[in-house]
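I opened a notebook page for this structure and wrote down what I looked up, in the order in which I looked.

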Amino acid sequence: MADLKLELVLLPVSDVDRAKAFYTEQLGFHVDVDDSPVPGFRVVQMTPKGSGCSVTIGTGMTEMTPGTLQGVQICVADIEAAHTELVARGVDVTSVRNMGPDGWTDGKGGDWNAFFFFKDPDGNGWAVQESPTMRAQLETAAASHA
């Protein structure tokens, strides 16, 4: 089978400008497109730094109810650094958590088991997960610059 690459996730929002401000100013996403080619239609495409997949918000694009998209996930190399940065940017995030035998517990778990969560202004839910693959790449890059 040919490669299948996820390129875009459509987020249902109630206020495009408020959502755009959240994703760009608080999460640091880059605006790729903000266009209204015809009345009643607006597309705002944004991409997280380092991501091959973008998110799009807008008007006239979806029948999904704002706030109903849950479980969109971002991976990071350093969960504590990402947590600290988003808190400093004013994002309401949970503590860093891991999934154990009794459910969610505060603190990091093993590889692929360190998360925190947040919601956008409409209630769309996001997970941030630490990737040991990305962490190793970061450590390798840091060692080569030392």
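Leaving aside its neighbours within four places in sequence, which residues is Asp111 in contact with? I note at the outset that I am reading a predicted model. In this model I find Asp111 in contact with Pro132 and Arg135, once the neighbours within four places in sequence are set aside.

**Entry on Asp111 and its loop.** I located Asp111 in the loop between β7 and β8, and at 54% relative accessibility I enter it as exposed, because the cut-off for that word is over 50%. I also looked up its separation from Gly50, which is 61 residues apart from Asp111 along the chain, and the two C-alpha atoms are separated by 21 Å. Trp112 lies in the loop between β7 and β8 as well, and its relative accessibility of 42% makes it partly exposed. The backbone of Trp112 caught my attention, since its phi is near 65 degrees, a positive value in a residue other than glycine. For background I add that most residues other than glycine have a negative phi.

**Entry on the whole chain.** I then stepped back to the chain, which has 146 residues, with buried residues making up 39% of them. I listed three helices and nine strands, and from the N terminus on the elements run β-α-β-β-β-β-α-β-β-β-β-α. Taken along the principal axes, the box filled by the C-alpha atoms is roughly 50 × 40 × 40 Å. Among the contacts between residues at least 6 apart in sequence, I see that 53% join residues at least 24 apart. The chain exposes about 8500 Å², of which carbon and sulfur atoms supply 55%. For the charges I noted 10 positive and 20 negative ones, whose mean positions are 2 Å apart.

**Entry on the core.** Which residues touch the most other members of the largest nonpolar core? Of its 29 residues, I noted Leu11, Tyr23, Phe116, Phe118 and Trp126 as the ones that do. The elements that give two or more residues to this core are α1 (16–26), β3 (41–47), β4 (54–59), β5 (72–76), α2 (79–88), β8 (115–119) and β9 (125–130). The largest share, four residues, comes from α1. As general background, nonpolar side chains in soluble globular proteins tend to be buried together.

I followed Phe116 further and, leaving aside its neighbours within four places in sequence, found it in contact with Ile79, Ala82, His83, Leu86, Val93, Thr94, Ser95, Val96, Trp126, Ala127 and Val128.

**Entry on Ala19.** Is Ala19 buried or exposed? Ala19 lies in helix α1, and I enter it as buried because its relative accessible area is 0%. Not counting residues up to four places away in sequence, Ala19 touches Val13 and Ile57. Its C-alpha atom is 9.3 Å from that of Gly58, although the two residues are 39 apart in sequence.

**Entry on aromatic rings.** I looked up the aromatic pairs next and found that the structure holds nine. The rings of Trp104 and Phe115 have their centres 5.5 Å apart and their planes at 85 degrees, and I record the pair as edge-to-face because that angle is over 60 degrees. This pair links distant parts of the chain, with Trp104 in strand β7 (residues 103–106) and Phe115 in strand β8, 11 residues apart. The partners are covered to unlike degrees, for Trp104 counts as partly exposed at 42% relative accessibility, whereas Phe115 counts as buried at 12%. In the pair of Phe118 and Trp126 the ring centres lie 6.0 Å apart and the planes are at 5 degrees, so I record this pair as stacked. Both Phe118 and Trp126 are buried, and together with Phe22, Tyr23 and Phe29 they form one aromatic cluster.

**Entry on Pro37.** My last look was at Pro37, which is found in strand β2 (residues 30–38). With a relative accessible area of 51%, Pro37 is exposed. Pro37 and Cys53 are 16 residues apart in sequence, and I noted 23 Å between their C-alpha atoms.

Technical notes:
Residues numbered from 1 in each chain as written. Predicted model: local features only at pLDDT ≥ 70, side-chain atom pairs only at ≥ 80, totals over all residues. Heavy atoms only, no water. Core = buried A, V, L, I, M, F, W, Y, C linked by side-chain atoms within 4.5 Å. Buried < 20%, exposed > 50% of the residue type's maximum accessible area, 1.4 Å probe, protein only. Contact = heavy atoms within 4.5 Å. Areas by Shrake-Rupley, 256 points an atom, 1.4 Å probe, with all protein chains shown as cover. Lys, Arg positive; Asp, Glu negative; His and termini not counted. Charge placed at Lys NZ, Arg CZ, Asp CG, Glu CD. Phe/Tyr/Trp six-rings, centres within 6.5 Å; stacked < 30°, edge-to-face > 60°.
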